[in-house]
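Student: I should like to learn how to read a structural model methodically. Where should one begin?

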Amino acid sequence: MQVGIVSDTHDNYGAAEEIARVFDDRGIDTLVHCGDFIAPPLLGAFDGHEFDIHGVIGNNDGERDGLETTLDSFSDGSQLHGREAVLTFDGTSIHVLHGDQGIDVVNDRAESGDYDYVCYGHFHVAEQRVVDGTTVVNPGAHFPTVPDENRTVAFLDTDTGETEFVNIDG
């Protein structure tokens with residue numbers, strides 16, 4: 001299964017459209033958003049695409065009812081999960097949180113040994129590291145002041161366990 005991972009789109013509709021196009025080109029099955037959509041209109045960039053969307057709430061997300069209603073309308077498999085989510089795709093377990101809870105909480109989730117992947121955002125810096133056998137991924141951000149090298153999304157192939165980062169214009 002192909003999973004696209006994104007975070008901190010911060011109402012950047014142009015970036016969200018580019019992200020949706022890149023995810024379509026890669027044929028992802030599911031998009032995982034690590035929070036800070038900001039408002040429901042951003043989600044329009046993902047409407048009409050073939051992938052399910054799973055998201056968590058970030059510290060800057062407003063109109064949470066609108067975000068939930070919009071995501072739920074995309075597909076039966078799309079959902080806004082709240083502050084954290086545990087997802088399983090093809091036997092691969094992924095813990096998703098925004099990260100504003102603190103890097104110690106992110107690390108605690110990874111150190112628990114309960115998940116194959118921990119995905120988070122908030123810090124606007126793309127990273128991948130391994131903690132006690134768990135791969136920790138921050139896919140980057142699309143906030144206007146984020147440097148180009150961190151304007152990325154990540155792809156996870158659950159069959160191979162490989163993660164790849166791709167730069168996004170916008």
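Tutor: The following discussion concerns a predicted model and moves from the whole chain to individual residues.

Student: How many helices and strands does the chain have, and in what order do the elements run?

Tutor: One begins by listing the elements. Here the chain has three helices and 11 strands. From the N terminus on, they run β-α-β-β-α-β-β-β-α-β-β-β-β-β. The radius of gyration is 14 Å, close to the 15 Å that the globule rule gives for 170 residues, so the chain is as compact as a globular protein of that length. Along its principal axes, the C-alpha trace spans about 40 × 30 × 30 Å.

Student: What share of the residues is buried?

Tutor: A residue counts as buried when its relative accessible area is under 20%. In this chain, buried residues make up 52% of the 170. The chain exposes about 7100 Å², of which carbon and sulfur atoms supply 42%.

Student: What do the contacts say about separation in sequence?

Tutor: One considers contacts between residues at least 6 apart in sequence; of these, 55% join residues at least 24 apart.

Student: How many positive and negative charges does the chain carry, and how far apart are their mean positions?

Tutor: There are 7 positive and 34 negative charges, and their mean positions are 5 Å apart.

Student: How should one read a helix such as α3, and which of its residues are buried?

Tutor: One identifies the buried residues and then asks what covers them. In α3, residues 103–111, the buried residues are V105, V106, N107 and A110. Their cover includes the strands β6 (92–97), β7 (117–119), β8 (127–131) and β9 (134–138). After the helix comes G113, with a positive phi near 75 degrees.

Student: Which residues does V106 touch?

Tutor: V106 has 0% relative accessibility and therefore counts as buried. Leaving aside residues up to four places away in sequence, V106 touches L97, G99, V118, Y120, R129 and V136. By contrast, a distance can also be read between C-alpha atoms: those of V106 and T158, 52 residues apart along the chain, are separated by 21 Å.

Student: Is the loop residue T9 buried or exposed?

Tutor: A loop residue is judged by the same quantity, its relative accessibility. T9 is found in the loop between β1 (2–6) and α1 (13–26), and at 0% relative accessibility T9 counts as buried.

Student: With which side chain does the T9 side chain make a polar contact?

Tutor: The partner is the side chain of H33, at 2.9 Å. Beyond residues up to four places away in sequence, T9 touches I19, H33, D36, F37, L42 and H142.

Notes
Residues are numbered from 1 along each chain as its sequence is written. This is a predicted model: local features need pLDDT of at least 70, side-chain atom pairs count only at pLDDT 80 or more; totals for chains, interfaces and linings use all residues. Side-chain values use heavy atoms; hydrogens and water are left out. Helices (H or I, at least four residues) and strands (E, at least two) are DSSP runs, numbered from the N terminus. The radius of gyration is taken over C-alpha atoms; the globule rule is 2.2 Å times the number of residues to the power 0.38. Buried means under 20% relative accessible area, exposed over 50%, partly exposed in between (1.4 Å probe, protein chains only). Contact means heavy atoms within 4.5 Å. Accessible areas come from the Shrake-Rupley method with a 1.4 Å probe; for residues, only the protein chains shown count as cover. Lys and Arg count as positive and Asp and Glu as negative; His and the chain ends are not counted. The place of a charge is taken as NZ of Lys, CZ of Arg, CG of Asp or CD of Glu. A polar contact is a pair of N or O atoms within 3.5 Å; within protein, one must be able to donate a hydrogen and the other to accept it, and residues adjacent in sequence count only if both atoms are side-chain atoms.
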